[in-house]
Amino acid sequence: MKNNDYHIPVLLNTAIEYLINPEIEAHIIIDGTTGGGSYSEKIIKSINEKSKLICLDADVNALEFSRKKLNEYAKKIIFCKGNFGKLKNILKELKIESITGIVLDLGLSEYQLTDEDGFSFMKDTKLDMRADKEGEVKASDIINSYSKTELEEVFGNFGEIGNAERLADVIVRFRKVKRIETTFNLLEAINSEYQIGDKNKFDFYAKIFQAIRIAVNDELENLTSVLKDSFEMIVEGGRIVVVSYHSLEDRIVKKFFREKAFVPSVSKYKNEIITKNKRLKLLTKKAIVPERKEILFNSKSRSAKLRCAEATWK
Ligand SMILES: C[S@@+](CC[C@H](N)C(=O)[O-])C[C@H]1O[C@@H](n2cnc3c(N)ncnc32)[C@H](O)[C@@H]1O
């Protein structure tokens, strides 16, 4: 497999330029979503001999591919299969107490979409959708065992689907007749109720698949947790970079950065000791999006939004 067959990286140069603070001498950087290793490759080429890169991914296929691709830099890299939602525990096991940067390029790799089960509605595969194949819950478990109310919550909260109750109801009725084990079984269930034109149909399927994928992989909880852990472990001048691909993720990142950037007004009372607290400085006031030429080259980059914040003590 050629380098870019695994995944075409999005906002590659921008992400890594933001990530690495040139004023820090020895880096410990986390690539929390290693995927096809293009971000990692750029990071490793940008840091010196005293620095280390931790390549993390929940998907063994990503790690196997990147390990081979980055073989010549092996001395500076620690590869680790794990969920970034457990960042603090993972780093504790590696005896790493602080980090100088973390990048998260959320969502799926091309490889997962085309070669792993359940992520794409364009081909008939098992309804799996686990990034980590050791994960306990598959998409088919959710679709076949969640109650109508739970399904409605998944579709409404994670897919932002209007009238999610109708969709949940369809699934519950359909599965009484036939278990929904494959992606095409799921489309059959949807099509048994909805008659939609081609363009809107694909948008609708995309929202439904996104909702189930978020639920299977606990994506929003993991994002919230990795932001908290990163903030706790980041050194002064260290940077957190997140590239997100839908509004639910971007909202979490934006809110977290804003909250941590907030500076309480200084007390008027003279005798009060003013302590310095860790906080974030926003390096991207507005999210950065790909330029037109990147979108023309890689249409999947069109929804990307990059935000970066730097830790500071003030
Ligand atoms: C868009 S790809 C990253 C592409 C990468 N930046 C590159 O240069 O090729 C996202 C990757 O994040 C991984 N991932 C998603 N959620 C994760 C999680 N909670 N913990 C660890 N890895 C995760 C996926 O398995 C996938 O390989």
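Asp 169 is partly exposed, at a relative accessible area of 26% (partly exposed falls between buried, under 20%, and exposed, over 50%, using a 1.4 Å probe and protein chains only). Its partner Arg 173 is partly exposed as well, with 43%, and the two side chains meet in a salt bridge of 3.2 Å, N to O. A salt bridge here is a side-chain nitrogen of Lys or Arg within 4 Å of a carboxyl oxygen of Asp or Glu. Asp 169 and Arg 173 both sit in helix H9, 4 residues apart, or about one turn of the helix; helices (H or I, at least four residues) and strands (E, at least two) are DSSP runs numbered from the N terminus. This pair also belongs to a wider network of salt bridges that links Lys 148, Glu 165, Arg 166, Asp 169, Arg 173 and Glu 193.

A word on the model itself. It is predicted, so local features need pLDDT of at least 70 and side-chain atom pairs count only at pLDDT 80 or more, while totals for chains, interfaces and linings use all residues. Residues are numbered from 1 along each chain as its sequence is written, and side-chain values use heavy atoms, with hydrogens and water left out.

In total, the structure holds 23 salt bridges. Side chains of opposite charge can pair when their charged atoms come close. One of the bridges joins Lys 300 to Glu 110, with the closest N and O atoms 3.5 Å apart. That pair links distant parts of the chain, 190 residues apart: Lys 300 is in the loop between helix H14 (292-297) and strand E7 (305-313), and Glu 110 is in helix H6 (residues 110-115). Lys 300 is partly exposed, at 43% relative accessible area, whereas Glu 110 counts as buried at 18%.

Another bridge runs between Glu 310 and Lys 281, again with closest N and O atoms 3.5 Å apart. Glu 310 belongs to strand E7 and Lys 281 to strand E6 (residues 278-282), so this pair ties together parts 29 residues apart in sequence. Here Glu 310 is buried, with a relative accessible area of 10%, and Lys 281 is partly exposed, with 35%.

Away from the charged pairs, helix H10 (residues 183-191) has Thr 183, Asn 185, Leu 186, Leu 187, Ala 189 and Ile 190 buried. These buried residues pack against helix H7 (139-145), helix H9 (164-177) and helix H11 (198-216), where contact means heavy atoms within 4.5 Å. Helix H9 thus turns up twice, as a packing partner of H10 and as the home of the Asp 169 and Arg 173 pair.
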